[in-house]
Amino acid sequence: MRLELANYPVHDIQLTDHMAYADGTLYVDATAVREHILARCDFDDVQLAVVRPGEETRVIHIVDAVEPRWKPSGSAFPGYLGPRTGAGTGRVHRLGGMAILTTSDAVAGEALYWREAIVDMAGLGARLTPFGGTVNLVVQLQPRREYQDERHPEAASLDDSMIGSPLLHRYGRSLREAQCELAITLARTTEGLRPVDVEVFELTPPTTPLPRVVYIFQIARLSVYGQRADITPPTIMHPNEILDSALVSVQANAHAAHRYVTYLNQNHGIVRELYARHGRDLNFAGVITYPATMNDLNSKDAVAETVVELARSMGANGAVLNYYGGGHPAVEFMLICQKAEQAGIKTVLVMPEAYGTPDDPGFVHYVQEAVAIVSTGRHTQSVQLPAMQRVIGGEHFFDLPDAPGGELKLPLRYLYAGCTSTGSGRLTARQY
Amino acid sequence: MGTLRIVHYLNQFFAGIGGEEQSGVGPGGREGAVGPGVLLAHNLGPEAEVVATVWCGDDYFNEQPASATTELLALIAGYQPDLVIAGPAFNAGRYGIACGQVCTAVQERLGVPALMGLAPENPAVEMYRQQAIIVPTSESARGMATAIGKLAQLGLKLARGEKLGAPEVEGYLPHGLRFTEEVPVPAAVRAVDMLLQRLRGESFQTEWPLPARDAVPPPAPLTDLSRAKLALVTTSGLVPRGNPDRIESTYATKWGKYRIAGLDRMVAGEWETRHGGYDTTNANADPNRILPLDVLREFETTGVIGKLHDEYFVTVGSGASTTNAKRFAREILAELRAAGVDGVVFTVT
């Protein structure tokens with residue numbers, strides 16, 4: 001399986017009346033984009049804005065972020081938009097250094113206590129989210145009024161309030177399709193142009209014996225090839241599938257700081273790093289994904305057993321594991337660590353922290369085998385953000401009393417993808 | 001900049017006033033260094049001066065900690081210190097608590113930095129580690145020279161207004177608090193580096209150490225139940241009606257003890273449970289379900305057990321911090337030992 005990521009770096013975005021990519025600038029036909037999204041009939045309004053690093057701007061109500069991609073030989077979002085065929089292979093055009101940030105007002109039957117997500121483009125906040133450093137096209141979506149009608153027959157939550165109402169699901173699907181379609185439209189502006197660089201991803205067998213390393217990816221609130229991944233059993237994926245946008249974020253009701261944003265799957269830190277060391281320091285033996293949504297101990301144990309059996313069958317000597325965050329996922333995560341170590345597979349755990357006091361060390365669950373942990377930061381930590389001149393995405397926070405443009409003192413968990421455990425972040429936590 | 005002014009806190013013994021028989025002596029102070037303060041002054045060098053020594057008897061302090069602290073603070077403030085150094089108190093419990101109380105009060109009320117020396121096993125470490133800077137010492141005064149050297153070294157930094165680095169670098173006991181920090185290397189690179197270190201058998205450093213495992217070894221079984229004195233202890237929150245000691249229904253900070261001498265059983269309506277973590281209906285309908293006095297009284301009468309202690313001990317487990325829970329255990333155990341209790345029936349909810 002050979003994937004080529006052809007990079008067309010974006011240093012600036014201009015809203016104008018035509019679509020083009022030239023000399024690192026992306027020109028976006030704002031009217032055409034608005035009309036295309038409005039034609040889905042799910043939105044009352046669509047607004048575009050460009051935000052750049054260093055600008056005193058705050059973006060709120062973020063639902064997802066995606067990197068523009070276009071694949072001449074197939075779908076750039078395999079399984080989600082169009083067929084899965086060819087996923088992980090061929091050449092993909094990417095607009096590096098930029099992101100589409102999609103914001104939306106809430107709809108009926110949507111849990112709001114974890115929904116807020118903030119990106120600051122200047123000050124301390126800009127360093128606490130990956131999107132403080134990218135040039136962003138913000139797409140602000142206002143759902144059609146029916147979606148916000150609490151008396152709508154589909155507004156009541158399903159059994160599990162975490163999953164939300166059928167209305168939310170319908171709206172969320174349309175929103176993400178609109179976002180992915182726009183991502184393709186933008187990247188297609190590079191058709192026929194020479195990329196600045198091309199990265200090749202291919203797991204060529206190493207010529208010397210090297211330790212075999214697997215990446216064990218805890219899946220939560222994602223779709224894999226368009227299917228909700230939280231009910232699929234543990235499975236093996238080729239790392240190229242992940243880099244080729246097989247995973248799309250489908251739920252926004254989680255702490256903003258540890259969400260698996262679509263953009264971070266497309267630019268997966270752990271997958272990229274294992275590739276970078278492949279053939280030199282290690283033999284990247286593949287990715288195992290498993291759902292972090294089992295609610296009883298026997299199911300968690302069964303999932304852990306299967307994951308470790310897969311790792312053994314792949315001949316793993318070592319494994320990098322990451323933890324999504326939250327309560328339940330900690331249990332299967334630690335069980336996998338324990339069973340892997342018992343099977344002779346050395347592990348390193350990548351995980352966000354919650355609490356951090358002697359009264360509550362912050363582990364929901366741990367095993368004595370968890371001796372090698374990389375922290376992606378403690379998201380309960382209070383941070384102070386300066387006031388911003390401009391706010392995009394909404395007029396009020398969902399669950400904070402503060403004025404969104406003012407100086408803010410809030411827990412790090414509101415900063416979008418600041419502690420996400422896919423590994424590209426530069427935060428840790430240290431004991432004092 | 002003039003010479004940095006240091007005030008040194010000692011107990012009655014190290015201040016040269018007297019041993020245990022003088023532990024009731026109240027707060028006092030004098031100019032200059034006393035006892036271990038002489039060594040401290042030598043270690044501080046020309047940059048700083050021990051301008052005064054302040055002391056208090058261990059019993060005096062622990063019998064009236066609030067007023068003793070206020071008196072000591074008034075004395076300390078009079079010497080206008082840039083820094084207060086307390087102890088080292090090694091493994092002395094009462095002295096350690098006084099040091100902890102003085103240091104935290106000096107920081108909070110005078111806005112002056114403070115630090116102390118304690119053995120890691122000293123119970124005051126658990127009580128003050130979050131707020132105070134504690135230099136680890138040996139258990140006894142045999143380690144005085146090392147402890148004083150370290151106190152002087154870190155003390156000078158604090159007195160100059162410098163910020164201390166991480167505890168493992170500077171050599172003080174961790175506060176146990178974790179803070180998010182920015183680092184130049186992404187998590188994925190750190191993770192793969194750490195895994196390769198493990199695979200090569202090299203040493204590696206976890207970024208998040210597991211909590212210390214606090215397993216309690218089970219004691220040996222009682223050999224003769226018919227001669228044993230038993231007590232009832234519970235985390236169920238069962239208290240006399242009205243909850244006279246106001247034990248919290250969750251995140252408890254206290255425990256209570258109540259007389260059951262002469263009672264054959266717990267009578268519904270006279271007792272109630274205020275526990276925030278379980279459905280208390282059945283416990284209130286028959287409190288013997290969570291405090292089995294009825295059965296133990298029967299065992300006492302028929303000679304299955306020797307004797308039941310005249311009081312039972314209670315707190316609420318729901319959400320209680322391990323710090324408080326450990327303190328409850330220490331305090332309740334002291335009472336049980338003093339009463340000659342051999343074993344405990346411990347009902348948890």
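These exercises work through side-chain contacts, buried residues and the chain interface in a predicted model.

**Exercise 1. Classify the ring pair of Tyr323(A) and Phe333(A), and place both residues in the chain.**

Step 1. Take the geometry. The ring centres are 5.3 Å apart, and the planes meet at 25°.

Step 2. Apply the cut-offs. Rings pair if their centres lie within 6.5 Å, and planes under 30 degrees apart count as stacked. The pair of Tyr323(A) and Phe333(A) is therefore stacked.

Step 3. Locate the partners. Tyr323(A) sits in the loop between strand S20 (318-322) and helix H8 (328-342) of chain A. Phe333(A) belongs to helix H8 of chain A, 10 residues apart from Tyr323(A).

Step 4. Check the surroundings. Tyr323(A) and Phe333(A) are both buried.

Step 5. Widen the view. Over all chains, the structure holds 20 aromatic pairs. One aromatic cluster is formed by Tyr215(A), Phe217(A), Tyr260(A) and Tyr324(A). Tyr80(A) has another kind of partner: the charged end of Arg173(A) sits over its ring, 4.0 Å from the centre.

**Exercise 2. Describe the setting of Asn240(A): which element holds it, and what does it touch?**

Step 1. Find the element. Asn240(A) lies in helix H4 (residues 239-243) of chain A.

Step 2. Judge the exposure. Buried means under 20% relative accessible area. Asn240(A) has 0%, so it counts as buried.

Step 3. Look for a polar partner. A polar atom of the Asn240(A) side chain lies 3.2 Å from the backbone oxygen of Gly88(A).

Step 4. List the neighbours. Leaving out residues up to four places away in sequence, Asn240(A) touches Met1(A), Arg2(A), Leu3(A), Gly88(A), Phe201(A) and Tyr275(A).

**Exercise 3. Is helix H6 of chain A mostly covered or mostly uncovered? Follow its charged residues outward.**

Step 1. Count. Helix H6 spans residues 269-277 of chain A, and seven of its nine residues are buried, so the helix is mostly covered.

Step 2. Name them. The buried residues are Gly269(A), Ile270(A), Val271(A), Glu273(A), Leu274(A), Tyr275(A) and Arg277(A).

Step 3. Take one charged residue. Arg277(A) meets Asp281(A) in a salt bridge, 3.6 Å from N to O. Both residues are buried.

Step 4. Extend the chain of charges. Glu273(A), Arg277(A), Arg280(A), Asp281(A), Asp193(B) and Arg200(B) are linked in a network of salt bridges.

Step 5. See what comes after the helix. Gly279(A) follows H6(A) and has a positive phi, near 85°.

**Exercise 4. Compare the settings of two salt bridges: Arg69(A) with Glu67(A), and Asp301(A) with Lys339(A).**

Step 1. Start with Arg69(A) and Glu67(A). Their side chains meet at 2.8 Å, N to O. Arg69(A) is buried at 0% relative accessibility. Glu67(A) is also buried at 0%.

Step 2. Turn to Asp301(A) and Lys339(A). The closest N and O atoms are 2.9 Å apart. Asp301(A) lies in helix H7 (residues 297-313) and Lys339(A) in helix H8 of chain A, so the bridge ties together parts that are 38 residues apart in sequence.

Step 3. Assign exposure. Asp301(A) is partly exposed at 31% relative accessibility. Lys339(A) is buried at 16%.

**Exercise 5. How much area is buried between chain B and chain A, and which elements of chain B take part?**

Step 1. State the area. About 4,600 Å² is buried, and carbon and sulfur atoms give 60% of it.

Step 2. Find the main contributors. Arg178(B), Arg198(B) and Trp208(B) supply 18% of the area that chain B buries against chain A, more than any other three residues.

Step 3. Count the residues. The contact takes 44 residues from chain B and 54 residues from chain A.

Step 4. Add the polar part. There are 27 residue pairs in polar contact between the chains. Six salt bridges cross the interface. In one salt bridge, Arg430(A) and Glu181(B) bring N and O atoms to 2.9 Å.

Step 5. Map the elements. Helix H7 (167-170), strand S7 (178-182), helix H8 (187-199) and helix H11 (322-338) of chain B each supply at least two residues of the side that touches chain A. The largest share, 12 residues, comes from H8(B).

Notes
Residues are numbered from 1 along each chain as its sequence is written. Chains are lettered from A and ligands numbered from 1 in the order in which they are written. This is a predicted model: local features need pLDDT of at least 70, side-chain atom pairs count only at pLDDT 80 or more; totals for chains, interfaces and linings use all residues. Side-chain values use heavy atoms; hydrogens and water are left out. Rings of Phe, Tyr and Trp (its six-membered ring) pair if their centres lie within 6.5 Å; planes under 30 degrees apart count as stacked, over 60 as edge-to-face and the rest as tilted. Helices (H or I, at least four residues) and strands (E, at least two) are DSSP runs, numbered from the N terminus. Buried means under 20% relative accessible area, exposed over 50%, partly exposed in between (1.4 Å probe, protein chains only). A charge sits over a ring if NZ of Lys or CZ of Arg is within 6 Å of the ring centre and within 35 degrees of the ring normal. A polar contact is a pair of N or O atoms within 3.5 Å; within protein, one must be able to donate a hydrogen and the other to accept it, and residues adjacent in sequence count only if both atoms are side-chain atoms. Contact means heavy atoms within 4.5 Å. Buried area is the accessible area (1.4 Å probe) that two parts lose on being put together, summed over both. A salt bridge is a side-chain nitrogen of Lys or Arg within 4 Å of a carboxyl oxygen of Asp or Glu.
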